[in-house]
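Here is a chain to walk through by question and answer. Take a look at it first.

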Amino acid sequence: MNDAAICLFPWDLQDEGLEQVLQFAADSGLTSLFLASVYHAGWFVRPHNPKQKCYMAEDGVAYFHPTESLYEATPLKPKVAEIARQADWFAKVSQRLDDFGLRLTAWTVCMHNTRLGLVHPEDTVRNAWGDSYPHALCPASPAVRSYVRALVKDLVSQYPLRTIFLEALNYRGRQHGHHHERDGTPFGPLENRLLDISFSGHDIAQAELAGVDTEPLRAAILSHLNEFLAYVPLRSPNAPETMEQFLNNHPSLADYLAMLDDQVSSLATEIKDDIRESGVL
């Protein structure tokens, strides 16, 4: 499918005018609108916005009107953004697509949601120390999987979508780029990679089902990280410096990482099966 698309947020439509934005898209030869349906916080500079040049978006909110019954199986619930409480922007755009010869894609952020992660830390990624990464929902969590699947089914059932674009449908790492991140320690590529690996209770349970013994593996990662922090900015003698070296020393890590990948791929498969008959790509 060949598309020339533009990414949009509801505040673009509100501030610049629905008619004007859609006419601009059509006049520019575009064929699709990628409209944000669920998005995380962001500090946006908007050069062409006539009302406000710099804007902080709400965190982890929905820009459509969810069907509450679809989320009964999960404690994670979408929250409607203030900008969308009075106006369902997906409905407004949907009503005008044919007038401008445009198609609609729901641009949907999945696992990156600090609002939900702070309320449900049990469903977030956790590092080897057990620290929660609140911005990162865990793909192995049944509650998270139900939430994401419900989001997709909700959007597909309500609006005339051509496609749904799923952003961040994977494990999110430690570095978030928000909330004034401060390391204070010069982590190397290996250490950053080890800090990204999730050991939530949900991940450990799935690893056990896959026959992967997580405790020796987690202990090895903790040993490396603790020794690294004890020596930094120097490096401990004989310590591995690359992920390849670490994997050679601890081959079970490859099986664990494969299990994490399987959580993401199986969720993607479940979503595809959920919407197969809808015709949405």
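Q: How many positive and negative side chains does the chain have, and how far apart do the centres of the two sets lie?
A: This is a predicted model. The chain carries 23 positive side chains and 37 negative ones. The centres of these two sets are 5 Å apart.

Q: How many helices and strands make up the secondary structure, and what does the C-alpha trace span?
A: The chain holds eleven helices and nine strands. Along its principal axes, the C-alpha trace spans about 65 × 40 × 35 Å.

Q: What share of the residues counts as buried?
A: The cut-off for buried is under 20% relative accessible area. The chain has 281 residues. Of these, the share that counts as buried is 49%.

Q: How much area does the chain expose, and what part do carbon and sulfur atoms supply?
A: The exposed area comes to about 13,600 Å². Carbon and sulfur atoms supply 51% of it.

Q: Of the contacts with a separation of 6 or more, what percentage comes from residues 24 or more positions apart?
A: Take the contacts in the chain with a separation of 6 or more. Residues 24 or more positions apart account for 72%.

Q: Which residues have the most contacts inside the largest nonpolar core, and which helix gives the most to it?
A: The largest nonpolar core has 61 residues. Those with the most contacts inside it are L33, F64, Y147 and L161. With nine residues, the helix that gives the most to this core is α6 (residues 142-158).

Q: How many residues does the second, separate core have?
A: This core includes Y171, F199, M243 and V264. Its residue count is 27.

Q: Which residues does L161 contact, leaving aside its neighbours within four places in sequence?
A: L161 belongs to the largest nonpolar core. Beyond those sequence neighbours, its contacts are F90, L104, A106, L155, V156 and V280.

Q: Is R174 buried or exposed?
A: R174 sits in the loop between β9 (163-167) and α7 (189-196). Its relative accessible area is 16%. The cut-off for buried is under 20%, so R174 is buried.

Q: Which side chains make polar contacts with the side chain of R174?
A: R174 touches several residues more than four places away in sequence, among them Y133, H135, F187 and L195. At 2.8 Å, one polar contact of its side chain is with the side chain of D183. At 2.7 Å, another is with the side chain of N192.

Q: Which elements do the buried residues of α7 pack against?
A: In α7, L190, E191, N192, L194 and L195 are buried. The buried residues of this helix pack against β8 (132-137), α9 (214-231) and α10 (243-249).

Q: What is omega at the cis peptide bond between V232 and P233?
A: Most peptide bonds are trans. V232 and P233 are joined by a cis one. P233 lies in the loop between α9 and α10. Omega at this bond is about 10°.

Q: A168 has a positive phi; is A168 buried or exposed?
A: Phi of A168 is near 60°. A168 lies in the loop between β9 and α7. Its relative accessible area is 9%, under the 20% cut-off, so A168 is buried.

Q: N238 also has a positive phi; is N238 buried or exposed?
A: Phi of N238 is near 70°. N238 lies in the loop between α9 and α10. Its relative accessible area is 81%, over the 50% cut-off, so N238 is exposed.

Notes:
Residues numbered from 1 in each chain as written. Predicted model: local features only at pLDDT ≥ 70, side-chain atom pairs only at ≥ 80, totals over all residues. Heavy atoms only, no water. Helix = DSSP H or I, 4+ residues; strand = E, 2+ residues; numbered from the N terminus. Buried < 20%, exposed > 50% of the residue type's maximum accessible area, 1.4 Å probe, protein only. Polar contact = N/O pair within 3.5 Å; in protein donor to acceptor, adjacent residues only side chain to side chain. Contact = heavy atoms within 4.5 Å. Areas by Shrake-Rupley, 256 points an atom, 1.4 Å probe, with all protein chains shown as cover. Lys, Arg positive; Asp, Glu negative; His and termini not counted. Charge placed at Lys NZ, Arg CZ, Asp CG, Glu CD. Core = buried A, V, L, I, M, F, W, Y, C linked by side-chain atoms within 4.5 Å.
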